[in-house]
Amino acid sequence: QVQLVESGGGLVQAGGSLRLSCAAAGRTFSMGWFRQAPGKEREFVAAINWSGSSTYYSDSVKGRFTISRDNAKNTVYLQMNSLKPEDTAVYFCAAAAASGIWTRESDYTYWGQGTQVIVSS
């Protein structure tokens, strides 16, 4: 069993930055971030493999967001720069039960409760 707790969300102006953290209790392999905007389905944002050597991003955040991990702290981060109002969403951390780069919700076994990010224009 793996427990995930996200933190770092908040209110920020367009063009600003936020860093989300996801602390994991239990062994994790690949990790990912997803987000769900009001009235929309949850969508993939970024993924990272166990070692951190491989990452993958959705087109909407590529070049602005960076996913990283510190395995010594069992924590995954999402650095979000140049934020836009359309980035407003609840952001979820997810853990897969195997290594690799995963982009589908069904690839992930464990989920956090989410952290709200609001970007004002």
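# Notebook: an all-strand predicted model

I began with the secondary structure and found 11 strands and zero helices in the protein, where helices (H or I, at least four residues) and strands (E, at least two) are DSSP runs numbered from the N terminus. I noted that this is a predicted model, in which local features need pLDDT of at least 70 and side-chain atom pairs count only at pLDDT 80 or more, while totals for chains, interfaces and linings use all residues. I also noted that residues are numbered from 1 along each chain as its sequence is written, and that side-chain values use heavy atoms, with hydrogens and water left out.

**Overall form**

Reading along the sequence, I wrote down the pattern β-β-β-β-β-β-β-β-β-β-β. I then checked the radius of gyration, which is taken over C-alpha atoms, against the globule rule of 2.2 Å times the number of residues to the power 0.38. For 121 residues a compact globule would have a value near 14 Å, and the protein has 13 Å, which agrees. Along the principal axes, the C-alpha atoms fill a box of roughly 40 × 25 × 25 Å.

I looked up burial next, with buried meaning under 20% relative accessible area, exposed over 50%, and partly exposed in between (1.4 Å probe, protein chains only). Of the 121 residues, 42% count as buried. The protein exposes about 6200 Å², of which carbon and sulfur atoms supply 48%; these areas come from the Shrake-Rupley method with a 1.4 Å probe, and for residues only the protein chains shown count as cover.

For contacts, meaning heavy atoms within 4.5 Å, I found that residues 24 or more positions apart account for 59% of those with a separation of 6 or more.

I counted charges with Lys and Arg as positive and Asp and Glu as negative, leaving out His and the chain ends, and with each charge placed at NZ of Lys, CZ of Arg, CG of Asp or CD of Glu. There are 11 positive and 9 negative side chains, and the centres of the two sets lie 5 Å apart.

**Thr-75 and Asn-74**

I located Thr-75 in strand β8 (residues 75–80), where Thr-75 is buried because its relative accessible area is 11%. Its contacts beyond four places in sequence are Ser-21, Cys-22, Ala-23, Ser-68, Arg-69 and Asp-70. The side chain of Thr-75 also reaches the backbone oxygen of Lys-73 at 2.9 Å. Measuring nothing at the bench, I read from the model that Thr-75 and Leu-4, 71 residues apart in sequence, are 9.2 Å apart from C-alpha to C-alpha.

Asn-74 belongs to the loop between β7 (65–70) and β8, and I recorded a positive phi of about 55 degrees there, although Asn-74 is not a glycine. Asn-74 counts as partly exposed because its relative accessibility is 22%.

**Ser-82**

I found another positive phi at Ser-82, near 50 degrees, again in a residue other than glycine. Ser-82 lies in the loop between β8 and β9 and is partly exposed, with a relative accessible area of 40%.

**Asp-107**

I placed Asp-107 in the loop between β9 (89–95) and β10 (110–111), and found it buried, with a relative accessible area of 16%. Its side chain makes a polar contact with the side chain of Arg-104 at 3.0 Å; such a contact is a pair of N or O atoms within 3.5 Å, where within protein one must be able to donate a hydrogen and the other to accept it, and residues adjacent in sequence count only if both atoms are side-chain atoms. Setting aside residues up to four places away in sequence, Asp-107 touches Ala-96 and Trp-102.

**Two aromatic residues**

I found Tyr-56 in strand β6 (residues 55–57), partly exposed at 43% relative accessibility. Beyond four places in sequence, Tyr-56 has contacts that include Phe-44, Val-45, Ile-101 and Thr-103. The C-alpha atoms of Tyr-56 and Ile-101 are 7.1 Å apart, with their positions 45 residues apart in sequence.

Trp-111 lies in strand β10 and is partly exposed at 24% relative accessibility. Among its contacts beyond four places in sequence I listed Leu-4, Phe-34, Arg-42 and Glu-105.

**The end of the chain**

I closed with Ser-121, in the segment after β11 (115–120), which is exposed with a relative accessible area of 84%. Ser-121 touches Ala-14 and Pro-85, not counting residues up to four places away in sequence.
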